[in-house]
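Trainee: Could you take me through one part of this model in close detail? I would like to see how its strands fit together.

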Amino acid sequence: GMMGGMGGGMEPLSRAVFCKSLHPNTTHEELVNEVGSYGPLESVRINSERGEGLLVFLDPYAAGALLQDRPTLRLHEQTAELSWGKAKPLSQQMMDAIANGATRNLYLGGLPPATQIEQLHSLFRPFGTIESVRIMRHHGTGYVNFCSIEASIAARNHFTNAKARDFLPGYSGPDADTIVQVTFTSAQQNCRRRAFGPGAGGKGGGDFGCNDGGKGSFNDSRSGEFEQRGGGKGFGGRGGGRGFSGGDPRSL
């Protein structure tokens, strides 16, 4: 179990929290609803077969606050145990992107009225694991929530200047050539509706999670073997600035 918590203002050991004994049906969305209010997450991964997960916050103090408050989580009538995990430092490139507003959530404005959720899944799936897709049909807007900021950045770069007809094959409406707005959005905007729906418990809801393919395992996550999806490119740099770097060298 967790040793001694965060008592006495101890410096956080990492910006990552390792989860074990997760119920195999736990989704990323459920996990993040429990922990997302502690601070923005860089990534969330679940290995359902092993009952393990890894939550990588941007700020190590967010990870520390979570562990101090909630050494266990109750999901699907099963108690999951939380402890320090391991994460590579954020690269300078990623820190710059985050400073410029990058999140794991994308907002889509100006979608064709008939756009279906499954079509957005198909379009965005190549960029990384998706937690959820929502469409507000009356407004022509949608949200695509990835499991990592890295995937969200890649998708946004790809769909910058994409037109309405690119999101709905065969669409020939009057706005078919109108560029769809694809921007990062904050967790609070994205999940405001959760305040009125079921599952709005936890600490006021979280930001967003993801459904992972379940590849790989986190059994070495606390000894530095955690690999980013996509080869972990760009995660080697050590950055300054509390909140975006590991801070404590023990987090490396």
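**A hairpin and its neighbours**

Mentor: Start at the turn. Strands E4 and E5 form a hairpin with two residues between the strands. There, His76 takes a positive phi near 55°. Keep in mind that this is a predicted model.

Now follow the two arms of the hairpin. E4 covers residues 72-75. E4 and E5 pair in the antiparallel sense, over four bridges. One pair to find on screen is Thr72 and its bridge partner in E5, Glu81.

Next, look for another partner of E5. Strand E5 spans residues 78-84, and strand E1 spans residues 16-20. These two strands also run antiparallel, and four bridges join them. Here, pick out Phe18, which stands opposite Ser83 in E5. So you can trace E5 twice: once against E4, and once against E1.

Step back to the whole chain. The protein chain has seven helices and nine strands. Of its 252 residues, 50% count as buried. Take the contacts with a separation of 6 or more: residues 24 or more positions apart account for 73% of them. The chain exposes about 11700 Å², and carbon and sulfur atoms supply 49% of that area.

For a helix, turn to H5, residues 149-159. Its buried residues include Ile149, Ile153, Ala155 and Phe159. Glu150 and Ser152 are buried in H5 too. Just after H5 comes Asn161, with a positive phi of about 75°. Compare the sign with His76 in the hairpin, where phi is also positive.

Conventions:
Residues numbered from 1 in each chain as written. Predicted model: local features only at pLDDT ≥ 70, side-chain atom pairs only at ≥ 80, totals over all residues. Heavy atoms only, no water. Buried < 20%, exposed > 50% of the residue type's maximum accessible area, 1.4 Å probe, protein only. Contact = heavy atoms within 4.5 Å. Areas by Shrake-Rupley, 256 points an atom, 1.4 Å probe, with all protein chains shown as cover. Pairing = 2+ DSSP bridges.
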